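Me: I am new to reading protein models, and I would like to learn how to go through one feature by feature. Could you take me through this one slowly?

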Amino acid sequence: IDLSTGRWTSAVIDGNRVKGAAFLIGKFRNTSLNLGHLFSLFEFEEGAVHLPGNEKLDHLVISFEACRKKGEKYSMWEGAWSKYKACFVIGSLADVLQKSIIFYKSMEIYKLDLDPGQVREFLRVSLEDSTNKLGLKSEYYNTIKNSCITRQFDLLNTVLPKGEKLKTWWTLFQKPIMRSWQSFWPGHTGQTLQDLGLLQSVEIMTNRIIMEKRLKSLTNIDR
C-alpha cells in the first residue's frame with residue numbers, strides 16, 4: 001500500500017451537515033508508555049463532503065503532524081527540540097483505518113459531547129487552521145508544545161465556554177512555562193475528556209482484525 005501520495009487534494013464541505021466530532025487515537029506498537037497519535041474526526045450526513053470525480057464522504061479526519069522526508073523516522077526526542085516542520089493531513093476515516101492496520105496496535109474513538117453549534121465551530125476552526133498554508137510555512141512541530149494532541153486540544157478550547165476549557169499551560173507570573181500533562185499525553189485523553197464532561201462515548205478497536213472489519217464496513221461509504 002502506497003501511503004506517500006494523496007488520492008485527492010481538494011474537497012467541498014457542507015459544514016451545516018456535520019453531525020458530530022470525536023478524537024481518534026492510534027496507539028503505537030512496542031511501547032508500554034501508552035503513546036499514540038491523535039486525530040480529530042468529523043461525522044457528516046450522507047454525502048456532505050464532495051471530492052473530485054464525484055466521490056463523496058461521510059467522515060473527515062484532520063491530523064497535525066511532524067513533516068519528515070521520505071524514509072526519515074520520527075523521534076519524540078528530536079521532536080521535543082523542534083526538528084520537524086509542521087503540517088496537516090486531511091483524509092477519510094477509511095484512510096486512517098488503512099494506515100492504522102499497518103502502523104498501530106489499536107484504535108480508540110472518543111466521541112465528544114458537544115452541542116451542534118460547537119461541532120460546527122470546531123469543524124470551522126479546524127479547517128481554517130489546517131488549510132492556513134502561509135502560517136504553516138514558519139511553524140515547527142514540537143513533541144510537548146505543539147504536537148498532534150496539543151494542537152487538537154487548543155482548537156477544541158476555542159469552542160468551549162471560558163469556565164470549561166482545559167488548562168493547557170502552567171504559568172509563572174502569568175507567563176506560560178510548561179504544557180499541562182493532560183494536554184500532551186495521548187494515553188490520558190479519555191480521562192481528560194471525561195473530567196471535562198466532554199466524553200459522550202468510547203469505541204475501542206483492540207486489534208487488526210477489528211480494524212479491518214470496520215474498514216470493510218466503510219468501503220461503500222467513504223470510497
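Me: Let us begin with a single residue: is cysteine 148 buried or exposed?

Reply: Cysteine 148 counts as buried, because its relative accessibility is 4%. The word has fixed cut-offs: buried means under 20% relative accessible area, exposed means over 50%, and partly exposed lies in between, using a 1.4 Å probe and protein chains only. This is a predicted model, in which local features need pLDDT of at least 70 and side-chain atom pairs count only at pLDDT 80 or more, while totals for chains, interfaces and linings use all residues. Residues are numbered from 1 along each chain as its sequence is written, and side-chain values use heavy atoms, with hydrogens and water left out.

Me: What is the mean pLDDT of the chain, and where is confidence lowest and highest?

Reply: pLDDT is the predictor's confidence in each residue, on a scale from 0 to 100. The mean for the chain is 90, and 94% of its residues reach 70 or more. Confidence is lowest in helix H7 (residues 208-222), with a mean of 79, and highest in helix H3 (residues 116-130), at 97. Names such as these follow DSSP runs, numbered from the N terminus: helices are H or I with at least four residues, and strands are E with at least two.

Me: How many disulfides are there, and why does cysteine 148 not form a bond with cysteine 87?

Reply: A disulfide is a covalent bond between the sulfur atoms of two cysteines. The rule used here asks for a pair of cysteine sulfur atoms within 2.5 Å, and by this rule the count is zero. The closest cysteine sulfur to that of cysteine 148 belongs to cysteine 87 and is 12 Å away, which is too far for a bond. Cysteine 87 is also buried, with a relative accessible area of 17%.

Me: How should I read the sheet of six strands?

Reply: Strands of a sheet pair through backbone hydrogen bonds, either parallel or antiparallel. Here two strands count as paired if DSSP finds at least two bridges between them. The six strands form an open sheet in the order E7-E6-E3-E2-E8-E11, and the pairing is antiparallel. Strand E7 (85-91) and strand E11 (199-205) are the edge strands, each pairing on one side only. From one strand to the next the twist averages 20°.

Me: Which bridges does E2 make with E3 and E8, and how covered is E2?

Reply: E2 pairs with E3 in the antiparallel sense over nine bridges, and alanine 21 has phenylalanine 42 in E3 as its bridge partner. Seven bridges join E2 to E8, again antiparallel, and there phenylalanine 23 has tyrosine 110 in E8 as its partner. Nine of the 11 residues of E2 are buried, so E2 is largely enclosed by the rest of the structure.

Me: What can be said of E6?

Reply: E6 is mostly covered, with eight of its nine residues buried. Four bridges join E3 to E6 in an antiparallel arrangement, where glutamate 43 stands opposite histidine 59 in E6. Strand E6 (residues 59-67) is joined to E7 by seven bridges, also antiparallel; serine 63 has valine 89 in E7 as its bridge partner, and isoleucine 62 has isoleucine 90.

Me: Which strands does helix H5 touch, and how covered is H5?

Reply: Contact means heavy atoms within 4.5 Å. Helix H5 packs on the sheet, touching E2, E3, E6, E7 and E8, and its direction makes about 40° with that of E3. For such angles, axes are lines fitted to C-alpha atoms, for helices over the stretch in contact, and angles run from 0 to 180 degrees between N-to-C directions. H5 (residues 148-157) is mostly covered, since nine of its 10 residues are buried; asparagine 157, which lies in H5, is buried with a relative accessible area of 11%. Leaving out residues up to four places away in sequence, asparagine 157 touches Lys165, Leu166 and Thr168.

Me: Which residues of H2 are buried?

Reply: In H2, the residues Leu93, Ala94, Val96, Leu97, Ser100 and Ile101 are buried. They cover an arc of only 155° around the axis, which puts them on the same side of H2; the arc is that of the directions from the helix axis to the C-beta atoms.
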